[in-house]
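Reader: I am new to this structure and would be grateful for a close look at one part of it, the metal site, followed outward into its surroundings. Please explain each term as it arises.

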Amino acid sequence: MSDCIFCKIARGEIPSKKVYEDEEIFAFHDINPAAPVHFMIVPKLHIASLMEADPSHQMLLGRILVIAGELARSQGLNEGFRTIINTGRIGGQEVYHLHVHILGGPEPVGPMLQRKAP
Ligand code: AMP
Ligand code: ZN
């Protein structure tokens with residue numbers, strides 16, 4: 001996907017604050033952080049969202065979760081972090097290149113979602 005912003009970031013065509021890179025995975029800080037530490041882990045392969053994931057992506061998506069803790073620790077998140085994957089319109093996805101948000105900081109990040117009043 002030549003015009004996808006996260007493909008461009010993963011290719012180094014758009015600058016980013018890199019956290020990690022290997023042959024399959026790229027991680028970089030969110031430009032509009034929602035917590036003191038907020039970065040995203042993306043596959044270099046363009047997968048639009050979890051809706052488009054298929055069994056051929058199993059190893060790649062598994063690797064992203066397996067390295068998440070190590071990358072979080074590398075950013076000082078030694079006591080835990082929040083992991084978010086937004087999918088589609090209902091999930092509030094803005095960028096249609098699958099990405100895993102990692103959020104944390106010195107204080108707890110707060111409730112998972114604001115519950116609506118009954
Ligand atoms: P989502 O709503 O899960 O699709 O999240 C997309 C995220 O990408 C948002 O948190 C944006 O702040 C972030 N974002 C958009 N453009 C950039 C960029 N050029 N560099 C870093 N983060 C970005
Ligand atoms: Zn892409």
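Author: The account below begins with the metal site and then turns to the cores, the other ligand and two loops.

This is a predicted model, in which local features need pLDDT of at least 70, side-chain atom pairs count only at pLDDT 80 or more, and totals for chains, interfaces and linings use all residues. Residues are numbered from 1 along each chain as its sequence is written, chains are lettered from A and ligands numbered from 1 in the order in which they are written, and side-chain values use heavy atoms, with hydrogens and water left out.

The zinc ion (ligand 2) has as its protein donors Cys4 (SG), Cys7 (SG), His46 (ND1) and His97 (ND1), at 2.0 to 2.3 Å. Donors are N, O and S atoms within 2.8 Å of the metal (3.2 Å for Na, K and Ca), and since water is not among the atoms, sites may look incomplete. The 4 donor atoms subtend angles of 106 to 117° around the zinc ion, and the arrangement is therefore tetrahedral; for four donors, that term requires all angles to lie between 85 and 135 degrees. Along the sequence, the spacing of the donor residues is C-x2-C-x38-H-x50-H. Cys7 belongs to helix H1 (residues 5-10) and His46 to the loop between strand S3 (37-43) and helix H2 (58-74), so this pair ties together parts that are 39 residues apart in sequence. Helices (H or I, at least four residues) and strands (E, at least two) are DSSP runs, numbered from the N terminus. Cys7 counts as buried because its relative accessibility is 5%, whereas His46, at 23%, counts as partly exposed. Buried means under 20% relative accessible area, exposed over 50%, and partly exposed in between (1.4 Å probe, protein chains only).

Strand S3 also leads from the metal site into the interior. Val42 is placed in strand S3 and is buried, at 0% relative accessibility. Leaving aside neighbours within four places in sequence, Val42 is in contact (heavy atoms within 4.5 Å) with Phe6, Glu24, Ile25, Phe26, Phe28, Ile64, His97, Leu98 and His99. One of these, His97, is a donor of the zinc ion. The C-alpha atoms of Val42 and Ser16, 26 residues apart along the chain, are separated by 13 Å.

The largest nonpolar core has 18 residues, and those with the most contacts inside it are Ile25, Ala27, Phe39, Ile41, Ile64, Leu71 and Ile102. A nonpolar core is a set of buried Ala, Val, Leu, Ile, Met, Phe, Trp, Tyr and Cys residues joined through side-chain atoms within 4.5 Å. Strand S2 (25-29), S3, H2 and strand S5 (100-104) each supply at least two of its residues, and H2 gives the most, with 7 residues. A second, separate core of 9 residues includes Ile9, Ala10, Phe28 and Val42. Within the largest core, Ile41 has contacts beyond four places in sequence that include Ile25, Ala27, Ile64, Leu71 and Ile102.

Strand S5 also holds His101, which is buried with a relative accessible area of 9%. The side chains of His101 and His99 are joined by a polar contact of 3.4 Å. A polar contact is a pair of N or O atoms within 3.5 Å; within protein, one must be able to donate a hydrogen and the other to accept it, and residues adjacent in sequence count only if both atoms are side-chain atoms.

His99 and His101 are also among the residues that come nearest to ligand 1, together with Asp30, Glu94 and Val95, out of 16 residues around that ligand. A residue is near a molecule or strand if one of its heavy atoms lies within 4 Å of it. An oxygen atom of ligand 1 is 2.7 Å from a polar backbone atom of Glu94, and an oxygen atom of the ligand is 2.8 Å from a backbone N or O atom of Val95. For Gly92, a polar backbone atom lies 3.2 Å from an oxygen atom of ligand 1.

Two loop residues complete the picture. Ile85, in the loop between strand S4 (82-84) and helix H3 (88-91), is partly exposed at 35% relative accessible area; its contacts beyond four places in sequence are Leu50, His99 and Val100. Asp22, in the loop between strand S1 (18-21) and S2, counts as buried at 11%. The side chain of Asp22 reaches the backbone nitrogen of Ile25 at 2.8 Å and makes a polar contact of 2.6 Å with the side chain of Arg63.

Definitions and conventions: Tetrahedral: all angles 85-135°; square planar, octahedral: opposite > 155°, others 65-115°.
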